[in-house]
Amino acid sequence: MSYGDYLGLDRLLSAQTPLAEPPQHDELLFIIQHQTSELWLKLVLHELRAARENFRAGRLADALKQLARVKHIQATLTEQWSVLATLTPSEYAQFRDFLATSSGFQSYQYRAVEFLLGNKNARMIPVFDHDPPAQRTLQELLDEPSLYDEFIALLASRGFDVPAELLDRDWSLSREPHDGLIAVMHQIYADPHAHWDAYETCEELVDLEDNFQLWRFRHLKTVERIIGTAPGTGGSSGVPFLRKALEQSFFPELYAVRGQIAQG
């Protein structure tokens, strides 16, 4: 077996098929940027699923290893935007129309990551009517506990006073911040040494969200740099849609507890 055989390079390197006529030099950059992002998202999903399973089994150390890897992948994904930012508005305009109705909004793996982290939205499922396997994956993740849900259940199994309604609910709904869970987080942060691994996990989750927000912000600024305030492809509003995403939080109690601690 050769290096190329093992990696399937014949398939991988033939998967870039620019559509612009006449051919445009910069379209290859656009395609590779998004294909590599999807490959990294595939690995993120692999690691987050494993971390969720390790939370469920009470194996915090293993889950922390996987979350650490996800953080490094996130850093790579964020840095990738600097490559796409070399694409000027004039260059993008040469092939943009050939994207037709395609849009990053249609990335089912990105949506799967959001579902796994707890940002559930059933209205996203019909977006993938054209791709039944992707739709099934998203429906499964919608109906299953998120990574955070499993961490909350693990805390309950360790004797923390987690409100019962957080342990048996409709998993397809995004959670709202809960005062009872903020109190649990406050207990952990009030005595880090007594609850060290739970405390460390809380901080890893905050890192995860911070990195996700940095990625979102860098995405927004790259899009703004290339198309300004113009609508995005595929019917999205472009920059306004990306800006609204910055308001979303996966782990609200981990941020709310900071305000309590700061105020004494």
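**View 1. Helix 1 and helix 3 come together around the second largest pocket.** Helix 1 (3-7) and helix 3 each put at least two residues into the lining of the second largest pocket. This is a predicted model, so keep that in mind for this view and the ones below. The pocket holds about 180 Å³ of space. Its walls are made by Tyr6, Leu7, Gly8, Leu12, Leu39 and Lys42. Sorted by class, that lining comes out as four nonpolar, one polar and one charged residues.

**View 2. Here is the one cavity of 30 Å³ or more in the structure.** The volume of this largest cavity is about 130 Å³. It has 13 lining residues, and the closest to the centre are Leu41, Gln74, Leu77, Val113 and Phe212. Four helices each give at least two residues to the lining: helix 3 (27-56), helix 4 (60-84), helix 6 (108-117) and helix 10 (196-227). Helix 10 has the largest share, with four residues. As for chemistry, expect eleven nonpolar and two polar residues in the lining, and no charged ones.

**View 3. Helix 9 (residues 179-190) shows a buried side and a side turned away from it.** The buried residues are Leu181, Ile182, Val184, Met185, Ile188 and Tyr189. Looking down the helix axis, you find them within an arc of 155°, so they line one face of helix 9. That fits the usual geometry: an α-helix has 3.6 residues a turn, so residues three or four places apart point the same way. On the face turned away from the buried side sit the exposed residues Asp179 and Ala190. For partners, the buried residues of helix 9 pack against helix 8 (147-157), helix 10 and helix 12 (252-262). The length checks out too: twelve residues at 1.5 Å a residue should span 16 Å, and the end C-alpha atoms of helix 9 are indeed 16 Å apart.

**View 4. Helix 3 is shown from end to end, along with the glycine that follows.** With 30 residues at 1.5 Å a residue, helix 3 should span 44 Å, and its end C-alpha atoms are 44 Å apart, which agrees. After helix 3 comes Gly58, and its phi is positive, near 80°.

**View 5. Asp207 sits in helix 10.** Its relative accessible area is 28%, so Asp207 counts as partly exposed. Have a look at Leu67 as well: Asp207 and Leu67 are 140 residues apart along the chain, yet their C-alpha atoms are separated by 9.3 Å.

**View 6. A cis peptide bond joins Glu21 to Pro22.** Omega for this bond is near 0°. Pro22 belongs to the loop between helix 2 (9-12) and helix 3. For context, most peptide bonds are trans.

**View 7. Ala100 has a positive phi without being a glycine.** The value is near 55°. Most residues other than glycine have a negative phi, so this kind of backbone angle deserves a close-up. You'll find Ala100 in the loop between helix 5 (89-93) and helix 6. Ala100 is at 54% relative accessibility, and because the cut-off for exposed is over 50%, Ala100 counts as exposed.

Conventions. Residues numbered from 1 in each chain as written. Predicted model: local features only at pLDDT ≥ 70, side-chain atom pairs only at ≥ 80, totals over all residues. Heavy atoms only, no water. 1 Å grid on protein atoms, 1.4 Å probe; cavity = no way out; pocket = protein on both sides within 12 Å on 5 of 7 lines; lining within 4 Å. Points joined across faces, edges and corners; volume = space filled by probe spheres on them. Nonpolar A, V, L, I, M, F, W, Y, C, P; charged D, E, K, R; others polar. Expected span 1.5 Å × (residues − 1). Buried < 20%, exposed > 50% of the residue type's maximum accessible area, 1.4 Å probe, protein only. Arc of directions from axis to C-beta. Contact = heavy atoms within 4.5 Å.
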